[in-house]
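Trainee: I have a new chain on my screen and would like a quick tour. Could we start with what sits together inside?

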Amino acid sequence: MTDNPYEASPERRAQRLAETAPTECDVRVGRLVTDLIGRVADKWTMIILEVLEEHKELRFTELARKVEGISQKMLTQTLRHMERDGMVTRTIHPVIPPRVDYRLTPLGLSLGAAFCGVWIWAEKNLTEVEAARTAFDAR
């Protein structure tokens, strides 16, 4: 096993980070983590992150079409939260009818990349989780 954390498996990197993490954490960091987990646990935020990463910049109406099942109100609320957190930029063009474009910021792009680990974990453990669910449902 190498000492370079970038060459180790994702599980080993996470373990190494946990082992070297400070025992006391800045309270503000803890609050931010809690807020961000709450935000990205919201399915719409993650879907919007994915859609904007794929398409770079979209008008509000295009984004609404690409995020299946989201209401206009929920899309507006989610984008406002994401803009407040610094994940997206909103550009208003002075035209009639009004045109508003959304794009991920570097912060939003990095958050999307950080949560790729969840996909890796899900892919690696899919069979085991499905088996556990089947066993639980059979009881």
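Mentor: Sure, let's begin with the core. The largest nonpolar core has 19 residues, where such a core is a set of buried Ala, Val, Leu, Ile, Met, Phe, Trp, Tyr and Cys residues joined through side-chain atoms within 4.5 Å. Buried means under 20% relative accessible area, exposed over 50% and partly exposed in between, with a 1.4 Å probe and protein chains only. Ile48, Leu52, Leu63, Val67, Leu75, Leu79 and Tyr102 have the most contacts inside this core. Keep in mind that this is a predicted model: local features need pLDDT of at least 70, side-chain atom pairs count only at pLDDT 80 or more, and totals for chains, interfaces and linings use all residues. Residues are numbered from 1 along each chain as its sequence is written, and side-chain values use heavy atoms, with hydrogens and water left out.

Trainee: Which element gives the most to this core?

Mentor: At least two residues of the core come from each of α3 (43-55), α4 (60-66), α5 (72-84) and β3. Those labels are DSSP runs numbered from the N terminus, with helices being H or I of at least four residues and strands E of at least two. With five residues, the top supplier is α3.

Trainee: How many helices and strands are there in the chain?

Mentor: Reading from the N terminus on, you meet α-α-α-β-α-α-β-β-α-α. That makes seven helices and three strands.

Trainee: In what order do the strands form the open sheet?

Mentor: Strands pair if DSSP finds at least two bridges between them. β1 and β3 (residues 99-104) pair over three bridges, while β2 and β3 do so over six. The pairing is antiparallel, and the order is β1-β3-β2.

Trainee: Why is one side of β1 and of β2 left without a neighbour in the sheet?

Mentor: Look at the ends of that order. β1 (57-59) and β2 (88-93) each have one side free because each stands at an edge, with a single partner strand.

Trainee: Which residue is the bridge partner of Thr91 in β3?

Mentor: β2 joins β3 by a hairpin of five residues, and the two strands pair in the antiparallel sense. Across from Thr91, the partner in β3 is Asp101.

Trainee: Is Asp101 buried or exposed?

Mentor: Asp101 lies in strand β3 and touches Glu57, Leu58, Arg59, Thr89, Arg90, Thr91 and His93, not counting residues up to four places away in sequence; contact means heavy atoms within 4.5 Å. Its relative accessibility is 2%, so Asp101 counts as buried.

Trainee: What distance does the polar contact between the side chains of Asp101 and His93 have?

Mentor: A polar contact is a pair of N or O atoms within 3.5 Å; within protein, one must be able to donate a hydrogen and the other to accept it, and residues adjacent in sequence count only if both atoms are side-chain atoms. For Asp101 and His93, the value is 2.6 Å.

Trainee: Which residue's backbone oxygen does the side chain of Thr78 reach?

Mentor: Thr78 lies in helix α5 and is buried, at 3% relative accessible area. Beyond its neighbours within four places in sequence, Thr78 is in contact with Asp42, Trp44, Thr45 and Ile48. At 2.8 Å, its side chain reaches the backbone oxygen of Met74.
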